[in-house]
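Subject: Structure handover

Hello,

Here is the structure I said I would pass on. My notes on what was found in it follow below.

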Amino acid sequence: MKRLAVINEPNAVNSRQNTQKLKVLSDQLGFDVISLEYNLGADDRADPAEIPIKIAEAKALGADALYVGSSSFNLENRGSYTEAAISENLPVFSAYEQMVRDGLALMSVSNSYKNVGKLAATQAYEILFKAQSPGKLSVKALERFSVLINMQAAKQLSLYPPLSIISIAKIVR
C-alpha cells in the first residue's frame, strides 16, 4: 500500500486530529495519506449520498485503501460506505469492529465496546467512590486489541490475508 485515503466530516474535530496523527505515521512508514472531506448541507451534516462520490474521488487520486479511524458518520453509514469501497475495489481498514461485522470492511484492529465500557467504569469508580478528581486521573488506554477480518470482503476484493494475520484474527462471515 502506497496511498491510504481518509474521508471525514469537516466539523469532526476528533477525526481531523486522528488524520493528522496518521499523516505523521505515514511519514515514518513511507506511505501517503489522501485526506478528503464531505461537504456539509444546510443542517451542518454530511449527506450519505456523497459517500460513493468521495470514495470514487479517493480512487481517482490513487488511493490503494481506505481507513476509517474516527468517524461516527462513516460508522453510521458503514453499509453504503463499505459497499461503495468494494465497488471501487478499495479495501477498508477500520478502528471500528462494527464496520467489519456489519459492513464489508476488510479488517479492523479495535476494542470491543464491552472492554471500553469496563475501562470507563473503573474511571467512574475512582471518581464516585474514591473521591478522585477527574482532572487528576491519568489518561487510560486499553492495551489489548482484536483483529477482525471479513472474509466476504476479502473474497470480493480478491485480497486474502496472509496466514500470519489469519492465525491471530477473528474471522467474520
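Which residues have the most contacts inside the largest nonpolar core? They are Ile55, Leu66 and Tyr81, in a core of 25 residues. Before going further, please keep in mind that this is a predicted model.

Overall layout

The secondary structure of the chain comes to eight helices and seven strands. The C-alpha trace spans about 55 × 45 × 30 Å along its principal axes. Of the 173 residues in the chain, 39% are buried. Among contacts with a separation of 6 or more, 62% are between residues 24 or more positions apart.

Cores

The core with 25 residues draws at least two residues from each of β1, β2 (32-37), α2 (51-60), β3 (65-68), α3 (72-76), α4 (78-87) and α5 (97-101). A second, separate core has ten residues, including Ile86, Leu104, Ile149 and Ala153.

Ile55 is a useful residue to open first in the viewer. Leaving out residues up to four places away in sequence, Ile55 touches Ile7, Leu66, Tyr81, Ala84, Ala85, Glu88 and Leu90. Three of the residues on that list, Tyr81, Ala84 and Ala85, belong to α4, where they are buried along with Thr82 and Ile86. After α4 comes Asn89, which has a positive phi, near 60°.

On the other side of α4 in sequence, the loop between α3 and α4 holds Asn77. Is Asn77 buried or exposed? Asn77 has a relative accessible area of 15% and is therefore buried, the cut-off being under 20%. Apart from neighbours within four places in sequence, Asn77 is in contact with Pro48 and Ile51.

Strand β6

Why is β6 described as largely enclosed by the rest of the structure? The strand covers residues 146-150, and five of its five residues are buried, so the description follows. Both of its faces are covered: Ser146, Leu148 and Asn150 are buried on one side, and Val147 and Ile149 are buried on the other.

β6 also has paired strands. With β5 it pairs in the antiparallel sense over four bridges, and Met107 stands opposite Ile149 there. With β7 (residues 170-172) β6 runs parallel, joined by three bridges. The bridge partner of Ile149 in β7 is Ile171. Ile149 thus appears in several places in these notes: it has Met107 opposite, Ile171 as a bridge partner in β7, and a place in the core of ten residues.

Pocket and cavity

Rolling a probe the size of a water molecule over the atoms shows where empty space is left. The largest pocket has a volume of about 490 Å³. It is lined by 18 residues, and the closest to its centre are Leu22, Leu25, Tyr67, Gly69 and Ala95. Which elements each supply at least two residues of this lining? They are α1 (13-29), β4 (92-94) and β5 (107-110). The largest share, six residues, comes from α1. By class, the lining of the pocket has eleven nonpolar residues, six polar and one charged.

How many cavities of 30 Å³ or more does the structure hold? There is one. The largest cavity contains about 50 Å³ of space. Its lining is made up of Val6, Asn8, Ser15, Asn18, Thr19, Leu22, Tyr67, Gly69 and Ser70. Two or more of these residues come from each of β1 (3-8) and α1, and α1 gives the largest share, four residues. Three of the lining residues of the cavity are nonpolar, six are polar and none is charged. Leu22, Tyr67 and Gly69 line the cavity and are also among the residues closest to the centre of the largest pocket.

A residue on α1

Helix α1 also contains Lys23, which is partly exposed, with a relative accessible area of 29%. Not counting residues up to four places away in sequence, Lys23 touches Val33 and Ser35. Between these two in sequence is Ile34, whose C-alpha lies 9.1 Å from that of Lys23, the two residues being eleven apart in sequence.

Regards

How values were computed. Residues are numbered from 1 along each chain as its sequence is written. This is a predicted model: local features need pLDDT of at least 70, side-chain atom pairs count only at pLDDT 80 or more; totals for chains, interfaces and linings use all residues. Side-chain values use heavy atoms; hydrogens and water are left out. On a 1 Å grid over the protein atoms alone, a cavity is a set of points where a 1.4 Å probe fits but cannot get out, and a pocket is an open set with protein on both sides within 12 Å along at least five of seven lines; lining residues have an atom within 4 Å of a point. Grid points are joined across faces, edges and corners, and a volume is the space filled by probe spheres set on the points. Ala, Val, Leu, Ile, Met, Phe, Trp, Tyr, Cys and Pro count as nonpolar, Asp, Glu, Lys and Arg as charged, and the others, Gly among them, as polar. Buried means under 20% relative accessible area, exposed over 50%, partly exposed in between (1.4 Å probe, protein chains only). Two strands pair if DSSP finds at least two bridges between them. Contact means heavy atoms within 4.5 Å. A nonpolar core is a set of buried Ala, Val, Leu, Ile, Met, Phe, Trp, Tyr and Cys residues joined through side-chain atoms within 4.5 Å.
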